[in-house]
Every structure is written in structure tokens, then in C-alpha cells.
Amino acid sequence: MTSAIIERARGEQRTLLTEPESKQLLEQAGIPTTGGTLVRSEDEAAAAADAVGYPVVLKIVSPDVVHKSDVGGVVVGIPDVAGARAAFRSINDAVRAAMPSARMDGVTVQRQAQPGVEVIMGMNRDPQFGPLLMFGLGGVLVELLEDVAFRLAPLTRRDADQMIREIKCLPVLTGFRGSPPADLEALRGMLLALSAFADGNPDVEQIDLNPVFAYPNGAVAVDARVVLSPG
Ligand code: ADP
Ligand code: MG
């Protein structure tokens with residue numbers, strides 16, 4: 001499978017794809033994301049925010065920034081165009097202060113997803129066994145509980161279902177204390193799409209969807225990172 005996005009990154013000797021690049025690639029593979037428009041000025045940010053509709057989210061795009069919120073690079077809940085302009089400035093200032101040498105590609109403007117149950121999905125390519133898919137609960141809980149499930153690609157529907165159902169915190173997804181159950185079929189579909197994407201793109205070494213918001217109907221990745229092999 002050839003991809004212009006991967007070729008461009010290779011041409012620039014980059015292995016880390018930015019969030020908008022990662023999301024575009026994954027959207028093509030059938031994985032829903034919150035997308036994003038890359039902007040490079042306050043005026044472009046204002047126009048893109050008006051086009052997306054409020055509330056919007058703005059985030060730094062830099063090949064040198066892996067954890068965007070750690071450096072003040074994420075602003076959520078922006079209610080209007082004045083807020084979008086202010087967020088564009090604050091992100092640039094914060095990232096410049098925290099990482100003066102970081103290259104800045106710009107900022108993405110994306111729709112704000114409704115709150116949902118946070119889960120994570122990922123892939124790490126094992127040199128011997130190939131793509132290893134991961135599924136777990138998101139947020140701080142994932143680090144605390146290490147509540148994750150793994151399977152080797154290619155996943156069958158049954159594998160994906162089992163991954164989802166074997167996490168200890170499954171009740172958080174199936175309806176807990178009156179909360180509505182999450183759409184497990186949508187999550188399964190995303191895992192299967194990730195598996196197929198990993199199989200079809202041997203130079204993709206790692207994928208992180210962190211977090212994915214799961215809903216009673218559907219699910220969406222609000223952050224994505226794709227890493228290419230050094231090759
Ligand atoms: P990073 O993981 O690099 O710090 P994220 O893109 O994951 O940055 O953003 C940090 C947090 O902000 C996310 O975990 C999520 O809670 C929230 N967030 C990010 N993008 C969106 C979005 N489009 N809609 C709603 N919430 C978002
Ligand atoms: Mg994230």
C-alpha cells in the first residue's frame with residue numbers, strides 16, 4: 001500500500017507522523033477521528049474554527065512534541081472565535097517557552113468530541129511476531145490498573161471481541177451504575193481496521209490512539225500517533 005503521507009515523511013527523514021498526518025492515514029483505513037485543519041496564523045485559526053463550529057479544540061503540531069498537553073499545546077472547550085485566536089497565541093507561546101528548539105508546523109483546529117468512555121488502542125510491531133494489537137481503558141486508569149489486552153494480527157472478529165471482553169474494567173463499557181453501554185461493535189470495527197492497516201503497511205512500527213471516546217453509538221479517536229520504522 002503506497003501512501004503520500006508516509007512517502008513525504010520518509011523524504012524528510014522523519015519517523016514520527018504528526019497528529020493530522022496520523023489521523024488522515026487512519027481515516028483512509030476506516031478509523032473515525034476528529035480530523036483537523038492545519039493552520040499557521042491566528043487569522044487562519046479563526047477562519048478554520050468558524051468553519052468547524054464551536055466548541056473547537058486547538059493543538060500544537062510539531063514533529064518534536066510527542067506529549068502535546070505536557071507543553072501547553074492543547075486547548076479544549078474554545079467557545080468562540082476570540083477564544084480560537086487567544087488559544088492560537090497561547091499554544092505558540094507555551095510551546096516556545098517549554099521547548100525553545102521545537103520545530104513548529106502550526107496548529108490543528110478540530111471539532112470537540114462529546115465526552116465518552118475513554119479507551120486506548122494501539123499497535124506495536126514485534127520484530128519476530130509482527131503487529132501486536134492492544135486495547136484498554138484510557139485515562140489515568142490505564143497506567144494505574146494496567147488493564148489492557150493484546151493479540152497478534154491479523155485479528156478475527158472473535159479475537160477483537162475477546163480483547164474487548166477480557167479487560168477487567170469491562171463493566172465500565174457494558175453499562176455501570178446506570179450509565180449506557182458503549183458501542184462494542186464500533187470498537188471491534190476500529191480494532192479490525194487497525195489490524196488490517198498494520199498488516200498492509202509493514203513500515204508502520206507503532207500506532208497509538210489515545211484516547212478514543214466510546215459512545216452508546218459509535219466511537220472516535222481524538223488523538224493519534226503513527227511511528228514509522230527507522231528503515
Ligand atoms: P496529548 O496526548 O499529546 O497530550 P491529546 O490530543 O490526547 O494530546 O489531548 C489531550 C486531551 O485533550 C485528550 O486526552 C482529551 O481528553 C482532550 N482532547 C483532545 N482532543 C480532543 C477533541 N477533539 N475533542 C475532545 N477532547 C479532546
Ligand atoms: Mg493523547
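## Around ligand 1

Reader: Hello! How many residues surround ligand 1?

Author: Glad you asked! In this predicted model, the closest residues are Lys59, Lys68, Ser69, Ala113 and Asp223. A residue is near a molecule if one of its heavy atoms lies within 4 Å of it. The number that surround ligand 1 is 18.

Reader: Which ground rules apply to these values?

Author: Residues are numbered from 1 along each chain as its sequence is written, while chains are lettered from A and ligands numbered from 1 in the order in which they are written. Local features need pLDDT of at least 70, side-chain atom pairs count only at pLDDT 80 or more, totals for chains, interfaces and linings use all residues, and side-chain values use heavy atoms, with hydrogens and water left out.

Reader: Which residue has a polar backbone atom 2.9 Å from a nitrogen atom of ligand 1?

Author: Lys68 has a backbone N or O atom 2.8 Å from an oxygen atom of ligand 1, and for Asn210 a polar backbone atom is 3.4 Å from a ligand oxygen. A polar contact here is a pair of N or O atoms within 3.5 Å. The partner of the ligand nitrogen is Arg111.

Reader: Which strand gives the most to the shell around ligand 1?

Author: Strands are DSSP runs (E, at least two residues), numbered from the N terminus. Strand 2 (56-61), strand 3 (74-78), strand 4 (106-111) and strand 8 (204-214) each supply at least two shell residues. With three residues, the top contributor is strand 8.

Reader: Where does ligand 1 lie with respect to domain 1 and domain 2?

Author: The domain bounds come from an automatic or database domain assignment. Domain 1 (6-17 + 24-30 + 115-228) and domain 2 (35-111) both give residues to the shell, so ligand 1 lies between them.

Reader: Which residue does a cis peptide bond join to Asn210?

Author: That bond has an omega of about 5 degrees. The partner lies in strand 8. Its name is Pro211.

Reader: What is the omega of the cis bond from Ala153 to Pro154?

Author: Pro154 lies in the loop between strand 7 (148-152) and helix 6 (157-165), where helices are DSSP runs (H or I, at least four residues). The omega is near -5 degrees.

Terms used:
Polar contact = N/O pair within 3.5 Å; in protein donor to acceptor, adjacent residues only side chain to side chain.
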